[in-house]
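Good morning, colleagues. Today I would like to speak about empty space inside a protein and along its surface. Please look at the structure as I bring it up.

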Amino acid sequence: MPPLPPLLGARRAPTDPSGATAPDDSGPLDAALDDVELRTARAALAQGRRQAARSLLVHTGDDWDRRGHRLTVLAEDPYAAAWASDWLAAEPGSADATALLALALVHRALRGKEEPDRAREACDTAAALAPADPTPWLGRLLLARTLGPEREVLDTFAELRRRHPEHHHAHHLLIARLAERPAGGRAEAHEVYDIAELAAAEAPADSPLAVLPVIAYAERYRVLAATGLAPADPAACGHWSGPRARRILRASFDWWLEWEHDEHPRRHIDLNHLAFALSRAGRPAEAAALFQRIGEHATPAPWAYAHPDPLAAFHTARTRALGQR
């Protein structure tokens, strides 16, 4: 059985010769999505100017989903650790700079450029500086999801959830890892579906965790396709045609119609998963509505699970859905 691929990260946006990412155009597959302030801060940081990032994180406050999203995107840059170290030298004890350094070291470790233990220690240092902040634990979870045993994933998730019970990114990482557990029984009986539905049911009615069961189905398809147990086309294997899948899709789409949160920093990730699932389930009218809302903000997951070029898969599905509407 071939090894399972890690959850795919987003590619950086194109850069100009100075190395700065254009702040006014996120481009496709940009992890910043539609966060204009984040793109501006990232571009300034790439030029050695940290004030925009400093101000961005100060104003983000304890909006934990947004803080986690912004710090994670800033930390993805190969030079983020150097920037954060310079920031810490200028402002010793800065919780924001310490968190950025921790997440930057996590990303370096995931790329094989840093010792995982050093990244873990940096996350622990950041957590000690800001005990209420779940973001250092998000760094630990990102590391554990790919490099750690399942027990570490579960323990880290528990610490993170204790600080923010509805943490969006953390739930996605947990579901991605649990989807890799061996299956038993019927195709729609995998425990990751039960866990995702329970988390969605326990969350407030307006929580985007309502879409988590769709995430679970996409992650389970990733595992099946990677191990040769499902064809490259999710529609061909009937992954979305079972009664449970149909119920989950209907409930998630209805939730989106009633509760859509335009302000959530990671909403385009949910929208891409819903559009992917509806496209594969043969529901082009509903998929078309989602593609219109997504615009150009395609995300690598889940399109990369069915095609080596996720952007091409996204555009093909969007063209088909809008043409059949």
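The largest cavity has a volume of about 80 Å³. I should say at once that this is a predicted model. A search of the whole structure finds 1 cavity of 30 Å³ or more.

Which residues line the largest cavity? They are Pro208, Val211, Trp255, Trp256, Glu260, His261, His264, Arg267, Asp270, Leu271 and Leu274. By character, this lining divides into 6 nonpolar, 2 polar and 3 charged residues. Two helices, α12 (243-259) and α13, each supply at least two residues of that lining. The largest share comes from α13, which contributes 4 residues.

Let me turn from the cavity to a pocket. The second largest pocket holds about 290 Å³ of space. It is lined by 17 residues, and those closest to its centre are Asp233, Ser279, Arg280, Ala317 and Arg320. Which elements give two or more residues to this lining? They are α13 (267-280), α14 (284-294) and α16 (310-324). Among them, α16 gives the most, with 6 residues. As for the character of the pocket lining, 8 residues are nonpolar, 5 are polar and 4 are charged.

Finally, I would draw your attention to α13. This helix gives two or more residues to the lining of the second largest pocket, and α13 also provides the largest share of the lining of the largest cavity. Thank you for your attention.

Conventions
Residues are numbered from 1 along each chain as its sequence is written. This is a predicted model: local features need pLDDT of at least 70, side-chain atom pairs count only at pLDDT 80 or more; totals for chains, interfaces and linings use all residues. Side-chain values use heavy atoms; hydrogens and water are left out. On a 1 Å grid over the protein atoms alone, a cavity is a set of points where a 1.4 Å probe fits but cannot get out, and a pocket is an open set with protein on both sides within 12 Å along at least five of seven lines; lining residues have an atom within 4 Å of a point. Grid points are joined across faces, edges and corners, and a volume is the space filled by probe spheres set on the points. Ala, Val, Leu, Ile, Met, Phe, Trp, Tyr, Cys and Pro count as nonpolar, Asp, Glu, Lys and Arg as charged, and the others, Gly among them, as polar.
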